[in-house]
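Here are a few exercises to work through with the model open beside you. Try each one on your own before reading its solution.

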Amino acid sequence: MSYNKTPSITAETINPKVKIFNYEPCGEIVRYAERLQQEMDENPGSLPFPEIIHCNLGNPQALGQRPVTFFREVLCLCDNPALLNKDEARALFSPCAIRRAQRIINSIPGKETGGYTDSRGVKSLRQAVADGISARDGYPSDPDDIFLTDGASSAVNMMMQILIRSHEDGILCPLPEYPLYSASIILHGGTMVAYNLTEDRDWSLEIFEVKRCLEEARSAGLTVRAMVVINPGNPTGQVLSITNQEEIVEFCRKEGLVLLADEVYQDNVHVENKKFHSFKKVARSLGYDETDLSLVSFHSASMGFYGESGRRGGYMEITGFGHDVKDQIYKVASVTICPNIAGQILMSLVMDPPKLGDESFEIFESEKEKIHSSFWKRAKTLEKAFSSLEGVSCNNIEGALYLFPRLHLPSLAIKAAEAEGVSPDVFYTHRLLDATGIAVVPGSGFHQVKGTIHIRCTILPDEDKIAAMIPRLKAFHESFMNKYRGSEPYMKDLRR
Ligand SMILES: Cc1ncc(COP(=O)(O)O)c(C=O)c1O
């Protein structure tokens, strides 16, 4: 029998939607940093820096953040329930971790963490999340509105699958954006309707701009179904004011848009004068209930002081949808059978942490406080360093984990980038990494406004690493600017 030896599936013949989108935070710069790391491992001392500093990743524990003790104790006990009956456990684990793990294990089918669960997640864990939301907002939350998910990303994907019917369906998304949104819209065959955040007003969200984009999209024949808001923002670091949130709620209600509220950085507000308010709370305090607004809120165990990104814990709370729609979402969730159990447990712990009077409360609070105050210190140090660079303006970080400085590069640098066939931000970030080992993400990965040049830098490397990188960053930037102004040769090796 003859057969065709050439593969019938090639990169040319795969689903074209897959080829269109880019996911820069995990893209080229990561692979380039890996190649440099390999070079350093194989030939120590061959590169002009002692180590790679990953300011590209929003990945707390991979960058040295320690896990929260209470969370890990509960996870450990849930995975080893036999320990619960051993005397030694009392010496190793806090009594409230033991009680919590016992309660969780008793509520999981088969009392083991290795089985499939309900596709929305274990009921008692959804109840814990719902209770946490009610305590946070002061408005009730129903466990049947909660879908536990493998991180917020899979919840966002699920909602795009539900909402997008064809290319004629549009989803309003902020620019700059976290590229999960453009990627999932493209993959599900919809159209992204971008609205710009206003950089010179601290990346604020102006309703007139969203309205303009909505009207333009409608006159182009699109049916706009939803509006994505990321609060606190990635990569922009802004925290919306409550008045602004009220405007957004009013807008979505009036225009019949589903509000997709990405609230994964809700525990990362760094400034005293801003506070996180969930969109659900804002809507309810305006007197709007389920019949007025369709709202999906996304949260995650990945970010902030818990930083358990590899555990893939997340949830979405779905309100203002009929039972028929919720049944369909349930069906979509059931295609992957269930979210992973460690992620489910973690998400319940994030929303229902130790309380005053619990044995773990003090240590939990002190771990949280330590990470928060260090985030603040690191954010301020980096903000100051970027602002001190020639031709660089840097946003004041209010929340989330990133700075998004804007670069004004000499025209010769822009021409040199063009000659290489790359955008100026890619040109700059590659040279920065080459010369200093500092990895940041080019702003084009977040679909920055055309004609602007940004880089995204996470505040997650520890304080020592940040202190070590700043002189390198400054020396590189000065050398880069001098070269492309034509005044001095560029030094690739800053040790010389
Ligand atoms: C704004 C935003 N939304 C969603 C996610 C995805 O989070 P998860 O790890 O829960 O999928 C991230 C991760 O960086 C993010 O920054």
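**Exercise 1.** Work out whether asparagine 231 is buried or exposed, and find what it touches.

*Solution.* Keep in mind that you're looking at a predicted model.
- Start with the neighbour count: asparagine 231 has 26 C-beta neighbours inside 10 Å. The cut-off for buried is 20 or more, so asparagine 231 counts as buried.
- Next, place it in the fold. Asparagine 231 sits in the loop that links strand S5 (223-230) to helix H10 (242-255).
- Now list its contacts. Leaving out residues up to four places away in sequence, asparagine 231 touches Val239, Leu240, Ala261 and Glu263.
- Finally, try a distance: from asparagine 231 to glutamine 245 it's 9.5 Å, C-alpha to C-alpha, with the two positions 14 residues apart in sequence numbering.

**Exercise 2.** Describe how helix H3 (residues 69-79) and helix H13 (residues 341-351) pack against each other.

*Solution.*
- Geometry comes first. The two axes, of H3 and H13, come within 10 Å and cross at roughly 140°, and the crossing is right-handed.
- Then pick out the residues. From H3 you get Phe71, Val74, Leu75 and Cys78, and they meet Ala342, Ile345, Leu346 and Leu349 of H13.
- Sort them by type: eight are nonpolar, with no polar and no charged residues in this contact.
- Zoom in on valine 74. Beyond residues up to four places away in sequence, it touches Ile345 and Leu349, and also Ala97, Arg100 and Ala101.

**Exercise 3.** Find where the largest nonpolar core lies relative to the domains.

*Solution.*
- Size it up: this core has 134 residues, and Val74, Leu172, Met227, Val228 and Leu259 have the most contacts inside it.
- Check who contributes. Domain 1 (16-64 + 366-485) and domain 2 (116-351) both give residues to the core, so it lies between them.
- For background, nonpolar side chains in soluble globular proteins tend to be buried together.

**Exercise 4.** Characterise the contact between domain 1 and domain 2, looking at the side that belongs to domain 1.

*Solution.*
- Begin with the spacing: the centres of the two domains, domain 1 and domain 2, are 28 Å apart, taken over C-alpha atoms.
- Count the residues involved. Domain 1 puts in 35 and domain 2 puts in 32.
- Ask which elements supply the domain 1 side: helix H1 (16-20), helix H14 (361-387) and strand S10 (402-403) each give at least two residues. H14 gives the most, with six.
- Wrap up with composition. That side of domain 1 divides into 17 nonpolar, 12 polar and six charged residues.

Conventions:
Residues numbered from 1 in each chain as written. Predicted model: local features only at pLDDT ≥ 70, side-chain atom pairs only at ≥ 80, totals over all residues. Axes fitted to C-alpha atoms, helices over the stretch in contact; angles between N-to-C directions. Helix = DSSP H or I, 4+ residues; strand = E, 2+ residues; numbered from the N terminus. Left-handed = near helix turned anticlockwise from the far one by under 90°. Contact = placed C-beta atoms within 7 Å. Nonpolar A, V, L, I, M, F, W, Y, C, P; charged D, E, K, R; others polar. Core = buried A, V, L, I, M, F, W, Y, C linked by C-beta atoms within 7 Å. Buried ≥ 20, exposed ≤ 12 C-beta atoms within 10 Å, placed from the backbone. Domains from an automatic or database assignment.
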